[in-house]
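Me: I would like to go through this structure step by step, with each reply ending on what was asked for.

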Amino acid sequence: MEPNNKPTTICHVVAMPYPGRGHINPMMNFCKLLASKKDEILITFVVTEEWLGFLSSEPKPPANIRFASIPNVVPSEKGRAADFPGFFRAVLTKMEEPFEQLLERLERPQKPSVIMHDTYLMWAVDVGNRRNIPVASFWTQQMSVFTVFYHFDLLKQNGHFPINVSERGNELVNYIPGIPPTRIADLPAVFTGKVLDIAHTACEALSRVPKVQYLLLTSIYELESQTIDAIKAAIPTQVYSIGPSIPYFGLGDNFSVSTDSKNCETSYVQWLDSQPKSSVLYISLGSFLSVSRTQMDEIIAGVDMSCVRFFWVSRDDASRIQEGCGVRRGMGDEEQLVTREEIASIVRRFMDLESDEGKEMRRKAKELEEICQRAVSEGGSAETAIDSFIQDIS
């Protein structure tokens, strides 16, 4: 190869995220990490035309990441909250055809080496299998949520679905592999709320995972080893615990975190890193959809947390954070509001530097920080998993 020629692309990754900020961000962050590690990797990041417009105002990714778009076949991001089940159904039924048409155009110069898709986009598995392209499933939430969805049939077999949580919420589920005994009330809220059809669809999406070649977990192995090991034993798919898919670490020497005020996530991370660790209180959804990015920032930075739950979130997520380095507010009905008095009480508990509770939370936060830092450092479990994934798809 002539010195002035660009290196030949030997690996083409087509990335297809779920069209939502909480899913696009971690997949883009991971793509930046892949791109920074190996120049020969070309990544085509596929979004809707609307999302392409949103992303155009953000800092440009590395040169070996390019954008491609499909038509706006799903409801607008700006109004999807009015009918989230309808939006979810559109994502699962309207995006497959335009994505496969795009894939046909991408195949002409070079057939993709792998399709990396958000796990909820189950149709991407079918597209990959039809076109004989390996598929990597990208999971953005806590592994306990994955495991509960994957073993959903066990809930039905044991008479725990459907169930009246107000009457039987304290009953224990002690039969899901890799999950410690957990109250029914602490399962993901979609099993008991007003969106049960979404729960069934999510379970179907996870049932496709054994048909993919790779499973990428935005989790740190040391924090969820029991659950991850149980999933590895249950499916034939190669599993990689790639760590938190966030821009916190500086993704290699060729990537610098931007201070552009439009990039709220990276600006927030820089601010967080600059704070005295004893002075920061973060009130969170309590979800590993957050922990994988926002909350994992706090864990790595050694920050204490408070958890407020949303409908897709597992109460168990908040419980695990509480056991680690946080405070969990009382959980009630879906519509229960967090009052200003509750927030004020939590803030006072956190900011009391001399209390035994505050000291214990800071000790646990420091312990988790060290675990996470080791995992993402050179030779750590996350770094090793990412390098293994790159080698496998190359």
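Me: Which residue follows α5, and near what value is its positive phi?
Reply: This is a predicted model, and the place to look is just after helix α5, which covers residues 123-130. The residue that follows α5 is N132, and its phi is positive, near 60°.

Me: Which residues of α5 are buried?
Reply: A residue counts as buried when its relative accessible area is under 20%. By that cut-off, the buried residues in α5 are W123, A124, V125, V127 and G128.

Me: What covers the buried residues of α5?
Reply: The cover includes both helices and strands, with α3 (84-94) and α4 among the helices. The strands that take part include β1 (11-16), β4 (114-118) and β5 (135-139).

Me: How do α4 and α5 pack, in terms of angle and distance between their axes?
Reply: Two packed helices are described by the angle between their axes and by the distance between those axes. Helix α4 spans residues 96-107, and its crossing with α5 is right-handed. For this pair the angle is about 35°, and the axes lie 10 Å apart.

Me: Which residues of α4 and α5 meet, and how many of them are nonpolar, polar and charged?
Reply: From α4 come E96, F99, E100 and L103, and they meet W123, D126, V127 and R130 in α5. Sorted by character, the residues of this contact comprise four nonpolar, no polar and four charged.

Me: Is E49 buried, partly exposed or exposed?
Reply: E49 belongs to helix α2, which runs over residues 49-55. Partly exposed residues lie between the limits of 20% and 50% relative accessibility. Because its relative accessibility is 44%, E49 counts as partly exposed.

Me: Which residues does E49 touch, leaving aside those up to four places away in sequence?
Reply: The C-alpha atoms of E49 and V73 are separated by 9.3 Å, although these two residues are 24 apart along the chain. With residues up to four places away in sequence not counted, E49 touches S69, I70, P71 and N72.

Me: Where does UniProt place the feature "coiled-coil region", and how far apart are the end C-alpha atoms of that span?
Reply: The unreviewed UniProt entry places this feature at residues 351-378. In the model the span is 79% helix and 0% strand, and its end C-alpha atoms lie 34 Å apart.

Me: How many helices and strands are there in the protein, and what percentage of its residues count as buried?
Reply: The protein has 16 helices and 12 strands. Of its 394 residues, the share that count as buried is 54%.

Key
Residues are numbered from 1 along each chain as its sequence is written. This is a predicted model: local features need pLDDT of at least 70, side-chain atom pairs count only at pLDDT 80 or more; totals for chains, interfaces and linings use all residues. Side-chain values use heavy atoms; hydrogens and water are left out. Helices (H or I, at least four residues) and strands (E, at least two) are DSSP runs, numbered from the N terminus. Buried means under 20% relative accessible area, exposed over 50%, partly exposed in between (1.4 Å probe, protein chains only). Axes are lines fitted to C-alpha atoms, for helices over the stretch in contact, and angles run from 0 to 180 degrees between N-to-C directions. A crossing is left-handed if the near helix is turned anticlockwise from the far one by less than a right angle, and right-handed if clockwise. Contact means heavy atoms within 4.5 Å. Ala, Val, Leu, Ile, Met, Phe, Trp, Tyr, Cys and Pro count as nonpolar, Asp, Glu, Lys and Arg as charged, and the others, Gly among them, as polar. UniProt positions are given in the numbering used here, feature names are shortened, and annotations may be inferred rather than shown by experiment.
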